[in-house]
Amino acid sequence: MDVTKNRIEDRNIPEIVKAAIEKHGNGRDALIPVLSEINAALGYIPAQAIAEVRRQVHDPSRQVYVNESQLYSMVSFYQMLSTKPRGRHVVKFCESAPCHVVGGRQVWQALEDELKLKNGETSADGKWSLVTTSCLGICSVGPVILIDEDVYGNVTPKEVSEILAKYD
Amino acid sequence: MKTVRSLILVSEDEASNRLGARTLFQNLQDALQEFDLQEEVMLSTITDIGRSDALPLVIVYPEAVVYGPVRPEDAHYLIEEHLYKGRVAEDLLAPIRQLSGRIAWLRARKGTLPAEKRVVLRRAGRIDPESIDDYIINDGYLALGKALTKMTPAEVIAEIDKSGLQGRGGAGFPVGRKWSFVAGASGSPKYVVCNADESEPGTFKDRLIMEGDPFALVEAITLAGYAVGANTGYIYIRGEYALAYQRLENAIEQATAYGMLGENIFDSGFSFHIHMHAGAGAYVCGEETALLESLEGKRGEPRSRPPYPVTHGLWGKPTLVNNVETLANTLAIICNGAQWYRSLGTLSSPGTKVYTIMGQVNAPGVIEVPMGITLREVISIYARGMKPGSTFKLAQTGGSSGSIIPASLQDTPMDFESFRKAGVSLGSGALLICDETTCIVDLAKVLLQFFRFESCGKCTPCRVGTQRAYEILKRITEGQATLDDLDEFPRLAGQMEQTSNCGLGQSAAVPLRDILKYFRAEVEAHIRLGVCPAGVCPMTVERESAQTKTPVLAPA
């Protein structure tokens, strides 16, 4: 966990926020893309980033009113945004019905056993986070897991360790 | 042996010859020469193949496309379209055989795949989704061109209204009426918002449209903007659809470069701009007012209605919110007319529907078929039957917020009206086919787990109701429930249906009713006998949940 922390502090949060705002705009309607961008850059949205977004977006002269609690309420609402540091690799498992009925339960069991993590946990070495997610829209090849940006379909419990071994 | 690219067969029998098959053959030969294809394409004859209704026939391999009846003067056109340009000449296709009676019809359809009727997905997979040139060659921008140069906005709306198109997002609201509400609303500016937040589990039709034919969506939104009098459009796409996002962004860029988007489109004086907006992962944002909240940069919590978005939508202005598939349908209607559109589907639900098929079938995937096809047909024809050794038990339609369809409703035509009458709902077009290995209680538990997780928490009936229902279902799967618990279901379902703020809470109650209505015996077996007939539920309390007796709330 310390590793992640140091890394975050090394980065220039005001710069990252500024770049995100330049890319997506500084209106209220740009907030979700801006926050997504920051989340992608840092892996999560730390409190400093929330304060920084407010500082750079809130502007009564343009009639854009934003406060930190609103931003926090958004970050905690959307599943793709995280308030807590995540592991280097995030394993997302689809827990919706289409994957469930074609053997998803067993795959989830295999993931839990292999990573020794429960839903929402991050491993002590900061390598893995395991989360469930709602449908990813790739249902014809269920059960589906998503590791970072990589999609794996038709997963069987046996394949789980093989797939995980590809990441370091 | 000489290798050829294609083989053309012309029917040669007395009836065909009488109808000009010989001249046709000669004309085809000439046309091949004209296009300099005689080396690549082989021309031959075939005798009676049992299609005397459409003689003379022309069959083109390797695609095995059957044309008929083909007149001698069609030869040039046919060669140009199919063999020179490489696309099927739709208007010459032999009609699907007219037989009466369900069995005859089934038999006639079986083996003649694809008997699909692709309207929305007609270009997906056939064109380069990143090239506007390819799109334009394949009839792109015909609809918008026609609307902008030859039709008034009111005429466009009237045509859509006449077509009887219903919203394809799940509710089935008449599209023409929605458009006229927005057009007639006072207040400006107006907005068009495309709901591409496709998060209904098992539904991925919109992803296919956006990835396979992104220009069509861009064109359709522009068309809708013209009809309702808006100059700004938004595409709210779910954050998980990275490829679709890229392609749409590219489509907007290219369309702008070609003058199909932006200022003064087709010199008509009409200007339109489209903005992309990615969500960040929230099922409830598929609900239109939650989507608007999210677009405005807030938590995606549904608004109280009325007022409806047609008068008070984005930034409080009149806003048209339509699903991707709905919009994609409008292009074909403007091109081919409402009359043509009504020739597809059923009287109350015209047109086609894109379904995504999943579960225990041989061929899961996506199909587009006319409205009114039955579930049995979908499974036995398009999905090539149940997996070996599986027996159909139930289907779950429309993702989580649809209905559970038992075997007894397999022959109900799938359209909005018939399903409504049968007390079930069609939803967004996902068909999850389950066999004997699926436990009804376990399935309902997964659905409620989903709703409990995705409930935005704004209104109490949904926030607490989904949690309560999940707890009861979990108790049933652990063998801890009593029959009194079952009485709780209708009560809970009634409260959620009547008092929830939005469709999420209302539809979360549906599985509770459905499982008792169709599968009461199986549910009671869990309670009375302590067994799970499908052998899925643990039927014992897991150690952890026994220790933590405190109610566990849904994770944030």
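# A chat about chains A and B

Visitor: What's phi doing at B:Gly530, just after H21(B)?
Guide: B:Gly530 takes a positive phi of about 70° there, just after H21(B). Helices here are DSSP runs of H or I with at least four residues, strands are DSSP runs of E with at least two, and both are numbered from the N terminus. One thing before we go on: this is a predicted model, where local features need pLDDT of at least 70 and side-chain atom pairs count only at pLDDT 80 or more, while totals for chains, interfaces and linings use all residues. Residues are numbered from 1 along each chain as its sequence is written, and chains are lettered from A and ligands numbered from 1 in the order in which they are written.

Visitor: Okay, and H21(B) itself? Where does it bend?
Guide: At B:Phe519, by about 105°; the helix covers residues 510–529 of chain B. That bend is the angle between two axes, one fitted to the seven residues ending at the residue and one to the seven starting there.

Visitor: Which residues of H21(B) are buried?
Guide: Among them are B:Leu512, B:Asp514, B:Tyr518 and B:Phe519, where the helix bends. A residue is buried if 20 or more other C-beta atoms lie within 10 Å of its own, exposed if 12 or fewer, and partly exposed in between, with C-beta atoms placed from the backbone.

Visitor: What covers them?
Guide: The cover includes strand E13 (404–406) and helices H17 (440–454), H18 (460–477), H19 (483–499) and H20 (503–508), each of them in chain B.

Visitor: Tell me about H17. What angle does H17(B) make with H21(B)?
Guide: About 140°, and their axes are 9 Å apart. The axes are lines fitted to C-alpha atoms, for helices over the stretch in contact, and angles run from 0 to 180 degrees between N-to-C directions.

Visitor: Which word fits that pair?
Guide: Oblique, so that's how H17(B) and H21(B) are described. Under 35 degrees would count as roughly parallel, over 145 as roughly antiparallel, 65 to 115 as roughly perpendicular, and the rest is oblique.

Visitor: Which residues meet there?
Guide: From H17(B) you have B:Ile440, B:Val441, B:Ala444, B:Leu447 and B:Leu448, and they meet B:Pro511, B:Ile515, B:Phe519, B:Glu522, B:Val523 and B:His526 in H21(B). By class, that contact has nine nonpolar, one polar and one charged residues. Nonpolar covers Ala, Val, Leu, Ile, Met, Phe, Trp, Tyr, Cys and Pro, charged covers Asp, Glu, Lys and Arg, and the others, Gly among them, count as polar. Two residues are in contact if their C-beta atoms, placed from the backbone, lie within 7 Å.

Visitor: New topic: odd backbone spots. Which bond is cis at B:Pro189?
Guide: The peptide bond joining B:Ser188 and B:Pro189, with omega about 0°. B:Pro189 is in the loop between helix H8 (175–184) and strand E5 (191–196) of chain B. The bond from B:Arg305 to B:Pro306 is cis too, with omega near -10°, and B:Pro306 lies in the loop between helix H12 (288–295) and strand E9 (319–323) of chain B.

Visitor: Why point those out?
Guide: Because most peptide bonds are trans, and most residues other than glycine have a negative phi.

Visitor: So what about B:Asp267, positive or negative phi?
Guide: Positive, near 55°. B:Asp267 is in the loop between strand E7 (262–265) and strand E8 (270–278) of chain B.

Visitor: Is B:Asp267 buried or exposed, and why?
Guide: Exposed, because it has 9 C-beta neighbours inside 10 Å. B:Arg384 also has a positive phi near 55°, and with its 14 C-beta neighbours inside 10 Å it counts as partly exposed.

Visitor: Switching to chain A. How many helices and strands are there?
Guide: Seven helices and four strands. Chain A has 168 residues, and 38% of them count as buried. The C-alpha atoms fill a box of roughly 60 × 35 × 25 Å along the principal axes.

Visitor: And how many residues of each chain are in the contact?
Guide: 30 from chain A and 39 from chain B. On the chain A side, the largest share, five residues, comes from H6(A). That side divides into 17 nonpolar, 11 polar and two charged residues.
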